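Reader: Please take a close look at one part of this model, the surface around the nucleic acid. Then add what you can about the surrounding architecture. Keep it brisk.

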Amino acid sequence: MHELRFEIEGSEAAQSLAPGSTVGELAERALGAERARPVIGARVGDRVFGLQEPLRESGTVRFIMAGTDEALPIMRHSASHIMATAVKRLFPEARLAIGPSIDDGFYYDFDLPRTLSPEDLATIEKEMATIVKEDRPFEREEMASAQALDFFRERGESYKTDLIERIGEPSVSLYRNGEFVDLCRGPHVPSAGRVGQFRLLHTAGAYWEGDSRNRMLQRIYGTAWRTREEVDAYLKRLEEARQRDHRRLGAQLDLFSVQEEVGGGLIFWHPKGAMLRHIIEGFWKEEHLKRGYQLVYTPHIARAELWHKTGHMDFYRENMYLLEIDQQDYVLKPMNCPGHILIYKAKRRSYRELPIRFAELGTVYRYEKSGVLHGMMRVRGFTQDDAHIFCTPEQIVDEVVECVRFGRYLAESFGFDNLQVDLSVRDPKNTTKYAGTDEEWRVAEAALAEALERVGLSYHVAEGEAVFYGPKIDVKLMDALGRPWQCTTVQFDFNVPRRLDVNYIGPDGKEHPTVMVHRALLGSLERFVGTLIEHHAGDFPLWIAPVQAVVLTVTDDNVPYARRVIERLKEAGVRAELDDRGEKIGAKIRDAELAKIPYMLVVGRREAEAEKVAVRSRRLGDEGAIPLAEAVDKIVAEAKARR
RNA sequence: GCCCAAGUAGCUCAGUCGGUAGAGCACAUGCAUGGUAAGCAUGAGGUCACCGGUUCAAUCCCGGUCUUGGGCUCCA
């Protein structure tokens with residue numbers, strides 16, 4: 001048998017080893033026993049191996065050293081095994097499901113005879129510390145699947161036997177640490193003492209295989225890092241994220257509320273939140289008109305017949321609010337597309353008119369299960385910044401390119417420059433569950449990919465993530481806790497235009513099917529504003545701040561002058577408020593800081609006499625007194641620059 | 001919808017091992033006119049989520065319901 005050959009990154013000498021040698025052996029050979037000690041695993045090609053794993057193919061090797069970022073997922077995965085070991089010691093009847101590493105930590109799902117309390121977490125954590133101290137090695141073992149099935153069946157681990165059957169390989173790997181054995185692909189740290197520092201966070205319910213028809217398991221979440229300091233820093237980050245949670249800031253800054261007696265998922269926009277929305281909507285409309293969109297409005301309810309035609313009554317019924325009026329069924333609209341199509345179809349359309357771009361800030365209602373509602377991010381009534389572009393097949397790519405550019409421009413205007421872009425395409429293995437022909441899908445998917453290339457955005461192809469009626473581009477923004485929320489979506493729809501018979505008259509005088517691109521750039525105003533609140537931690541850029549400046553009087557004597565200052569600001573289009581309460585200046589400043597108002601203009605006797613204001617900005621603090629006219633110009637200029 | 005946890009003043013929270021409750025902030029009134037992150041005093045404000053049960057007595061114990069939060073699934 002041939003020896004395997006390994007190029008080692010950062011080293012001249014290549015190594016030859018017999019097939020089946022482990023990464024650990026390779027490390028010792030390449031680096032010597034001493035320098036190999038901090039090695040935790042290795043990356044060979046695009047796969048990560050643990051030290052215990054045998055190598056079967058030649059390749060270029062990069063060793064993963066303890067203390068590097070690459071070592072973290074391995075440590076976290078081992079931490080989940082150690083947690084499972086502890087749970088098994090405390091609850092021998094526990095059955096194991098799965099326990100992977102995730103961003104920032106790990107979890108493990110258990111089927112337990114009783115529910116876990118927060119005190120149990122402390123006990124489990126203590127037991128984990130003991131296991132770490134025992135510092136026993138993680139040993140890897142390969143077993144024929146048939147034998148592994150017997151092994152786990154004997155132990156009553158029914159989830160593991162399910163997994164082995166689902167994997168369907170002739171053999172599987174097991175990892176052993178002390179008395180604990182688990183079906184596992186690895187990799188793991190060499191021994192339990194090397195998992196680093198961890199902390200169990202909370203428990204949650206989770207269905208086996210994520211399917212609500214299956215049994216509910218108990219999931220324990222934990223976080224794991226290299227050092228105690230990193231764990232503390234992570235916990236602090238969680239706390240900071242909690243502080244900028246849009247629900248908390250929404251109440252603090254008096255932006256919006258959800259009222260129990262009205263129901264969950266329905267947003268009340270308070271004056272300041274409404275101002276924020278008003279500014280966003282104004283900007284949005286202007287930008288759309290600049291780009292050749294036409295604004296439309298469509299009714300909130302429509303006879304159910306329409307929704308039968310579109311297929312929604314069949315495919316979307318459980319998400320729709322149905323009404324009965326005069327013994328006729330009506331639907332509260334869950335989408336704007338049919339309305340826009342009806343406007344399109346109100347007359348014959350010529351190819352000369354295309355593309356037609358209808359845009360609407362359309363409020364829709366969708367029934368969502370109560371458990372998924374979340375502040376403004378996931379609601380039952382929301383306003384989409386919706387548009388439908390009707391065009392010919394030749395125009396698709398240009399239109400999509402413009403949509404993507406436009407979406408990026410809007411996101412950047414509001415201060416988002418880190419976008420996560422997905423191209424969601426059909427599942428190539430199961431093309432039957434999609435509407436439309438193969439040719440349509442090929443053209444549409446290629447058009448979306450080409451558009452992304454042309455715009456120069458890097459993206460991730462998500463196979464099988466397309467909706468049944470067409471492929472789509474999704475752009476996600478992250479919330480305070482790093483959860484992604486879809487905002488921009490650009491999608492093709494093969495279904496509704498065909499069902500509603502949408503067409504145009506071509507140069508040949510014949511009818512041709514019109515292609516429809518559906519897009520929302522901000523997504524929904526609710527979700528977008530929620531994300532915006534968290535992104536800026538409520539500290540909005542001047543141009544969208546609901547209150548841009550507050551005038552603070554030092555004493556009651558300054559009120560008449562302060563009123564004149566306010567007038568001047570308002571004339572210049574600055575959103576300004578007057579704080580003439582009988583409080584000391586320090587208290588007024590504190591309140592304005594807490595309200596996150598960008599500019600505080602302090603007026604006392606000195607300013608009134610010289611027609612000045614003392615500017616204090618949230619960013620820079622006390623900037624000293626300048627002439628009133630100059631201050632107004634400064635604020636206006638900054639707002640105009642959208643900084 | 002499902003699993004777990006939590007619901008006490010407008011907000012943030014304490015408390016009662018069963019004898020109908022308290023702080024800070026906010027609010028109101030009065031005093032104070034204070035120059036860059038909290039001036040002082042007084043006052044008002046509660047069906048302790050809701051419905052049952054146990055008990056001489058329930059905010060507290062038990063059961064159910066509703067709501068909220070963390071997850072699972074789904075989506076803008």
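Author: The RNA surface comes first, then two groups of strands, then the cysteines.

This is a predicted model, where local features need pLDDT of at least 70, side-chain atom pairs count only at pLDDT 80 or more, and totals for chains, interfaces and linings use all residues, while side-chain values use heavy atoms without hydrogens and water. Residues are numbered from 1 along each chain as its sequence is written, and chains are lettered from A and ligands numbered from 1 in the order in which they are written.

Start with RNA strand B. It is surrounded by 53 residues. Near here means that a heavy atom of the residue lies within 4 Å. The closest are Y207, R378, V554, D556 and R590. On the RNA side, 45% of the atoms within 4 Å of the protein belong to sugar or phosphate, and the rest to bases.

Now the polar contacts (pairs of N or O atoms within 3.5 Å). V554 uses its backbone: one of its N or O atoms lies 2.3 Å from a base nitrogen of RNA strand B. E368 works through its side chain, with an N or O atom 3.2 Å from a base nitrogen. The side chain of S524 also has an N or O atom at 3.2 Å from a base nitrogen.

What classes make up this surface? There are 20 charged, 17 nonpolar and 16 polar residues. Charged covers Asp, Glu, Lys and Arg; nonpolar covers Ala, Val, Leu, Ile, Met, Phe, Trp, Tyr, Cys and Pro; the others, Gly among them, are polar.

Which element supplies the largest share? It is α17, with 6 residues. Helix α17 spans 585-594. Other elements that supply at least two residues each include β12 (197-207), β13 (216-225), β21 (381-391), β28 (515-524) and α18 (605-610). Helices (H or I, at least four residues) and strands (E, at least two) are DSSP runs, numbered from the N terminus.

Next, an open sheet of 3 strands, in the order β9-β10-β11 and with antiparallel pairing. Strands β9 (138-144) and β11 (180-183) stand at the edges; each has a single partner strand, so one side of each lacks a neighbour in the sheet. Direction ignored, neighbouring strands are turned by 25° against each other on average. Those angles rest on axes fitted to C-alpha atoms. Strand β10 (residues 171-177) pairs with β11 over 4 bridges, in the antiparallel sense. Pairing needs at least two DSSP bridges. R176 has V181 in β11 as its bridge partner.

Strand β3 (residues 39-44) is another case. It is largely enclosed by the rest of the structure, because 5 of its 6 residues are buried. Buried means under 20% relative accessible area, with a 1.4 Å probe and protein chains only. β3 pairs in the antiparallel sense with β5 (residues 59-65) over 5 bridges. It also pairs antiparallel with β4 (residues 47-50), over 4 bridges. A42 stands opposite F63 in β5, and its bridge partner in β4 is F49. β3 and β4 form a hairpin with 2 residues between them. G45 in that turn has a positive phi of about 65°.

Last, the cysteines. The count is 0 disulfides, a disulfide being a pair of cysteine sulfurs within 2.5 Å. Why is C337 unbonded? Its sulfur is 14 Å from the closest cysteine sulfur, in C403, which is too far for a bond. C337 is buried, at 3% relative accessible area. The sulfur of C391 also has its closest cysteine sulfur in C403, at 9.1 Å, again too far. C391 is buried too, at 0% relative accessibility.

Notes. Buried means under 20% relative accessible area, exposed over 50%, partly exposed in between (1.4 Å probe, protein chains only). A polar contact is a pair of N or O atoms within 3.5 Å; within protein, one must be able to donate a hydrogen and the other to accept it, and residues adjacent in sequence count only if both atoms are side-chain atoms. Axes are lines fitted to C-alpha atoms, for helices over the stretch in contact, and angles run from 0 to 180 degrees between N-to-C directions.
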